[in-house]
Amino acid sequence: TLGLPPSATAQTDKSPRHMTREICRSWRVPLVTLFAGLASADGDDGGEGKCMGWRQTAGCSPSGRREPARDRGCDVSIGQDWSGYCECAGGVRAAESTCTHESFTCEAKCREQWAWLREQRKKRAEQEKEVESASADDNLAKLYKRGKGFYVMGNTELALRHFREALKLDPEHGACKADYKQAKKLEKLLGKLEGVMGKEVEGKGRMKQLERDDQFEEARGLIEDSLALSPPAVYRASLYRDLCICCTKLRLKDESLSACKEHHALDSGSAASRTLLAEASLLAERYEDAIGIYRKLAEEDEHSKEAREGLQRAEKLLKRSREEDYYKVLNVSRSASPREIKRAYHKLAVEYHPDKNKDKADAEREASEVKFKSV
C-alpha cells in the first residue's frame, strides 16, 4: 500500500527489519507508521484490549438507562457511586459495575478482559484441536473419557463428537452408547426449550419474555422431560431455574417452591436464585421466609430496588395474613363483584344458621355457630 520502490521489492532475501530501513531511507516514511504495519502483519491483535471509555448508566445498574453526559475517559479512576461499564474494542464490555465497587480504570479493565478472552480462545482452540486430531486409531477409553468430561462441563456438541468417534471403534460399548443417547435427547429438548423461552445468555438467563400460560406450560413440560434424563449438574442448575420461573408464573405453590429450592442449592446461593426463592415463598404464603431473604438481599445491596419492593410486599402480605380475611370466609376471590359477595353471604348465613343446625351433635353445632359468627 506504500508503493515500494523496485530496489526494495527486488531484494526479497533480506530480513523484514533490513527492508524497513531501506524503505524509510527511500520514502522518508515515519518509523512508527511502518513498525505498526509490521506488527500487524506479524500477528498484532488489531486493537484488541484497547479501551474506548467508561459508559455511565442510571439506577446503580450496569443495564440501566445510559447517561452519556457522565461518560469518562479510559484513564479516569472510577470510584464509588458510579454505575456502568467499560467499553473496549470490538464491542466487548468489561467491569460491569453497580454503585458499590473498588476504584479502577477502564484501561486496566479492558486489558484484563482481553487477556481473559485470549486465554479462552486458546483453550477453545486446544479443545478443537484435540477433536480434530482424534482418529479411528485412538484409544476407545480415552475418547469416551474425554466425551464424558465435555458432557459434565456442559459442552454437548464436543461430547457428542467424542462419543461418535468412540462408537466407531466399538458400536456396542454400553456406557458410551447410553451417554450418547442421553446427550442426543438432551440436546434436542434444549433446542426446543430455546425456541420457547429464548436463547440462554450467561449471567442473564433466557432472553425471551413469555406472556401466556400455555407458553409456560409448554416450557414446563420440556424442562421436566429434560430433568427426567438426569443430566449433569451444570444443566440441572439452569433447568431448575427455568422450572422455578414457570411454576411461579403458573401459580403452582408446591412445585414452585420445590424447584426454586433446587435451583438455589445448585446455584451456590446467588442473589438471583435467592430472589426467585423469595417469590416462590410468597406464593406459598411463607411470608416470614420471604421477608428474611429480601432483608438479607437489601443489606447486601442497599441500592437494590427489587429487594426493597419485595420486602415491602412481603411485610404487607404478612400483616394481612394475620387479619381476618373475609374474602376467604365467604370463599370468594378478591375480584368478586358486590352481587357475588352478597350471594355467598346469604348462602353461608342460611347454611350455618343455628336454627338449621340445632338437631346436630354438640361438636357440629358448635362448629356451625363459630362459622356463622364469622360469616
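A residue counts as partly exposed when its relative accessible area falls between the under-20% range called buried and the over-50% range called exposed. A95 has a relative accessibility of 22%, so it ends up in the partly exposed class. This alanine sits in strand β4, which covers residues 93-97, and its phi is positive, at about 55°, although A95 is not a glycine. C60 has a positive phi too, near 55°, and is likewise a residue other than glycine. C60, though, belongs to a loop, the one linking β1 (51-56) to β2 (77-78). These values, like everything below, come from a predicted model.

Now for the chain as a whole. It holds 17 helices and 7 strands. Of its 375 residues, 33% are buried. The surface left open comes to about 23700 Å², and carbon and sulfur atoms supply 50% of that. As for how the chain folds back on itself, take the contacts with a sequence separation of 6 or more: 46% of them join residues 24 or more positions apart.

In soluble globular proteins, nonpolar side chains tend to be buried together. Here the largest nonpolar core has 49 residues, and L193, M197, I223, L243 and Y294 are the ones with the most contacts inside it. Looking at L243 in particular, and skipping neighbours within four places in sequence, its contacts are R220, I223, E224, L227 and A259. There is also a second core, separate from that one, with 12 residues; C86, C88, F104 and C106 are among them.

Two helix pairs are worth walking through. Two packed helices are described by the angle between their axes and the distance between the axes. For helix α7 (residues 174-197) and helix α9 (residues 233-249), the axes come within 13 Å and cross at roughly 40°. The two helices are therefore oblique to each other, and their crossing is left-handed. On the α7 side the meeting residues are L186, L190, L193 and M197, while α9 brings Y235, L239, D242 and C246. Two of these α7 residues, L193 and M197, turned up above among those with the most contacts inside the largest core.

The other pair is helix α11 (residues 271-283) with helix α13 (residues 305-321), packed at an angle of about 20° and with axes 11 Å apart. Angles under 35 degrees count as roughly parallel, so α11 is roughly parallel to α13. T275, E279 and L282 make the contact from α11, and E306, R313, A314 and L317 from α13. The crossing of α11 past α13 is left-handed.

S281 is part of α11 as well. With a relative accessibility of 4%, this serine counts as buried. Not counting residues up to four places away in sequence, S281 touches L257, R286, Y287, D289, A290 and I293.

Further along the chain, E351 lies in helix α15 (residues 338-351). Its relative accessible area is 42%, so E351 is partly exposed. Once neighbours within four places in sequence are set aside, E351 is in contact with K356 and N357. E351 and S368 are 17 residues apart in sequence, and 8.5 Å separates them in space, C-alpha to C-alpha.

Methods
Residues numbered from 1 in each chain as written. Predicted model: local features only at pLDDT ≥ 70, side-chain atom pairs only at ≥ 80, totals over all residues. Heavy atoms only, no water. Core = buried A, V, L, I, M, F, W, Y, C linked by side-chain atoms within 4.5 Å. Buried < 20%, exposed > 50% of the residue type's maximum accessible area, 1.4 Å probe, protein only. Contact = heavy atoms within 4.5 Å. Helix = DSSP H or I, 4+ residues; strand = E, 2+ residues; numbered from the N terminus. Areas by Shrake-Rupley, 256 points an atom, 1.4 Å probe, with all protein chains shown as cover. Axes fitted to C-alpha atoms, helices over the stretch in contact; angles between N-to-C directions. Parallel < 35°, antiparallel > 145°, perpendicular 65-115°, else oblique. Left-handed = near helix turned anticlockwise from the far one by under 90°.
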